[in-house]
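Please load the model in a viewer with residue selection enabled. The stops below are arranged for viewing in order.

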Amino acid sequence: MVVLGVLSVMVVGYCAAVQDDDDVTADCVVRLDDGTYEVVDEDYCDDDGTRVYYAGSRGAYLWYYGGRRVGNRVEGGTTLRPSDTNITSRGGKEIQRGGFGRSWSGGS
């Protein structure tokens, strides 16, 4: 039952990240111990999203898609990379142009 609930949350987050116009904004984040995502400088994230860089005890740096910024945190999106969309970072870096992307999930 717990797995079904987690899967449902992931699907809802994925759908929220994929907008009707096929343009998605991404933030470079690190997952904190409390399960939230803190926005970090996008230089920590790989340009094409194919690698995850580890930040020592803080976890891994990864892209967070379709979220909204709340202070230095991001919420309401997903770490699953949407496919067939144009993905651009908030800083204007093109991460993916259409086509099919890879899926990533963050956290444990």
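Begin at Leu32. This residue is buried, with a relative accessible area of 16%, and it belongs to the loop between strand E1 (23–31) and E2. Add Ala60 to the selection: the C-alpha atoms of Leu32 and Ala60 are 9.4 Å apart, while 28 residues separate the two along the chain.

**Confidence colouring**

The model is predicted, and a colouring by pLDDT is a useful companion to the remaining stops. The mean pLDDT of the protein is 74, with 58% of its residues at 70 or more. Which element has the lowest mean pLDDT, and which the highest? Select helix H1 (residues 2–17) for the lowest, at 50, and strand E6 (residues 73–75) for the highest, at 96.

**Strand E1 and its partners**

Next, select E1, residues 23–31, and display its pairings one at a time.

- Strand E7 (residues 86–89) runs parallel to E1, and four bridges join the two. Within this pairing, select Val24 together with Ile87, its bridge partner in E7.
- Strand E4 (residues 60–65) pairs with E1 in the antiparallel sense, over five bridges. Here the pair to select is Asp27 and its bridge partner in E4, Tyr64.
- E2 is also joined to E1, by three bridges, and the two run antiparallel. Select Arg31 and, opposite this residue in E2, Tyr37.

**The hairpin**

Keep E1 and E2 displayed and move to the connection between them. How many residues lie between the strands of this hairpin? There are five, and Gly35 takes a positive phi near 90 degrees in the hairpin. Leu32, the starting point of the tour, lies in this loop between E1 and E2.

**Glu38 in strand E2**

Proceed to Glu38, which is found in strand E2 (residues 37–39). Is Glu38 buried or exposed? Its relative accessibility is 18%, and the cut-off for a buried residue is under 20%, so Glu38 counts as buried. Now show the side chain of Asn72 as well: a polar contact of 3.2 Å joins the side chains of Glu38 and Asn72.

**A low-confidence segment**

Finally, select residues 100–108. Over this segment pLDDT stays under 50. The model nevertheless has 26 contacts for these residues beyond four places in sequence. When examining those contacts, keep the pLDDT colouring switched on.

Terms used:
Residues are numbered from 1 along each chain as its sequence is written. This is a predicted model: local features need pLDDT of at least 70, side-chain atom pairs count only at pLDDT 80 or more; totals for chains, interfaces and linings use all residues. Side-chain values use heavy atoms; hydrogens and water are left out. Buried means under 20% relative accessible area, exposed over 50%, partly exposed in between (1.4 Å probe, protein chains only). A polar contact is a pair of N or O atoms within 3.5 Å; within protein, one must be able to donate a hydrogen and the other to accept it, and residues adjacent in sequence count only if both atoms are side-chain atoms. Two strands pair if DSSP finds at least two bridges between them. pLDDT is the predictor's confidence in each residue, from 0 to 100. Contact means heavy atoms within 4.5 Å.
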